[in-house]
Amino acid sequence: MPAVRSYLFEAVRDAYPETFEGLDPSKALGERVFGGPTPHPSAVLNLFVQQKFMSALPMAYYMAVRRGLDSLMGVCPPTSTRLSPEILRAAIRGLIALREMELRETHRLILEPDASHQCSSSTCPSRGAVPKMWEAHQNIIDRVTDSSGSGTKILQIASLRDVCGGDCYGFCENYVQMWKRGHAEVRKKAWAALPDVFGLRS
Ligand SMILES: [Zn+2]
């Protein structure tokens with residue numbers, strides 16, 4: 001059995017990677033790696049906790065919480081998706097922390113463009129045209145929170161154009177590129193924080 005166990009872990013390791021470095025977003029991540037009828041992310045989390053598959057736990061927790069509370073609570077049979085109170089507590093605590101981070105970092109990305117950003121268009125809202133900036137900011141925050149529902153999308157690649165659609169409220173190309181770099185940093189930061197937010201460091 002130990003040989004079978006390590007063989008199975010090897011097979012899913014890439015889908016539940018331990019680090020952000022070298023992560024290939026085109027690969028099947030999370031429960032999609034199992035193929036067939038895709039298991040519920042809470043069932044996967046239960047299995048990994050039970051099997052002490054430690055390196056995969058940060059990602060397994062993230063996959064379980066990213067669609068929000070309804071998904072996290074699972075469905076009532078099958079029992080394989082039912083989480084123990086202890087796991088549930090850790091998951092919800094982590095979800096709240098990630099949602100806060102998502103909101104905080106989105107605010108920061110919009111309101112504190114880094115020094116490398118130089119507007120290439122005179123009408124770019126980030127040049128400080130206050131009503132326009134305020135409106136763009138509000139819309140972007142609304143769209144980020146709407147699309148995350150009660151879960152989080154913090155590890156997902158989100159270009160500014162995906163987030164705001166259309167002409168992006170007139171943000172210039174330099175700003176769009178700056179957002180892209182900034183968002184990559186945010187994902188990295190969120191990834192690094194997973195073990196902490198889910199209480200996996202003892
Ligand atoms: Zn600009």
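A crossing of two helices is left-handed if the near helix is turned anticlockwise from the far one by less than a right angle, and right-handed if clockwise. Welcome to a predicted model, in which local features need pLDDT of at least 70, side-chain atom pairs count only at pLDDT 80 or more, and totals for chains, interfaces and linings use all residues. Residues are numbered from 1 along each chain as its sequence is written, and side-chain values use heavy atoms, with hydrogens and water left out.

**Figure 1. The whole protein has eight helices and zero strands.** Helices (H or I, at least four residues) and strands (E, at least two) are DSSP runs, numbered from the N terminus. The C-alpha trace spans about 65 × 35 × 30 Å along its principal axes. Of the 202 residues, 41% are buried, where buried means under 20% relative accessible area, exposed over 50%, and partly exposed in between (1.4 Å probe, protein chains only). The exposed surface comes to about 11,200 Å², with 56% of it supplied by carbon and sulfur atoms; the areas come from the Shrake-Rupley method with a 1.4 Å probe.

**Figure 2. Helix α2 (residues 41-50) crosses helix α3 (residues 57-65) at roughly 155°.** Their axes, which are lines fitted to C-alpha atoms over the stretch in contact, come within 8 Å. Angles run from 0 to 180 degrees between N-to-C directions. The crossing angle therefore makes α2 roughly antiparallel to α3; the classes are roughly parallel under 35 degrees, roughly antiparallel over 145, roughly perpendicular from 65 to 115, and oblique for the rest. The crossing of α2 and α3 is left-handed. Pro41, Ser42, Leu45, Phe48 and Val49 of α2 meet Leu57, Ala60, Tyr61, Met63 and Ala64 of α3, with contact meaning heavy atoms within 4.5 Å. By class, nine of these residues are nonpolar, one is polar and none is charged. Here Ala, Val, Leu, Ile, Met, Phe, Trp, Tyr, Cys and Pro count as nonpolar, Asp, Glu, Lys and Arg as charged, and the others, Gly among them, as polar.

**Figure 3. Helix α2 is largely enclosed by the rest of the structure, because seven of its ten residues are buried.** The buried residues are Pro41, Ser42, Ala43, Val44, Leu45, Asn46 and Phe48. Their cover includes α1 (2-13), α3, α4 (69-72) and α5.

**Figure 4. Helix α3 also packs against helix α5 (residues 85-111), at an angle of about 75°.** The two axes are 10 Å apart, and the angle makes α3 roughly perpendicular to α5. On the α3 side, Tyr61, Tyr62 and Val65 make the contact, and on the α5 side Ile87, Ala90, Ala91, Leu95 and Leu98 do so. This contact has eight nonpolar residues, with no polar and no charged ones.

**Figure 5. Two loop residues, Lys52 and Tyr169, have a positive phi.** Most residues other than glycine have a negative phi. Lys52 lies in the loop between α2 and α3, with phi near 50°. At 62% relative accessibility, Lys52 counts as exposed. Tyr169 sits in the loop between α7 and α8 (173-197), and its phi is about 55°.

**Figure 6. Gln156 is placed in the loop between α6 (130-148) and α7 (160-164).** With a relative accessible area of 34%, Gln156 is partly exposed. Leaving aside neighbours within four places in sequence, Gln156 is in contact with Tyr62, Arg66, His183 and Arg187.
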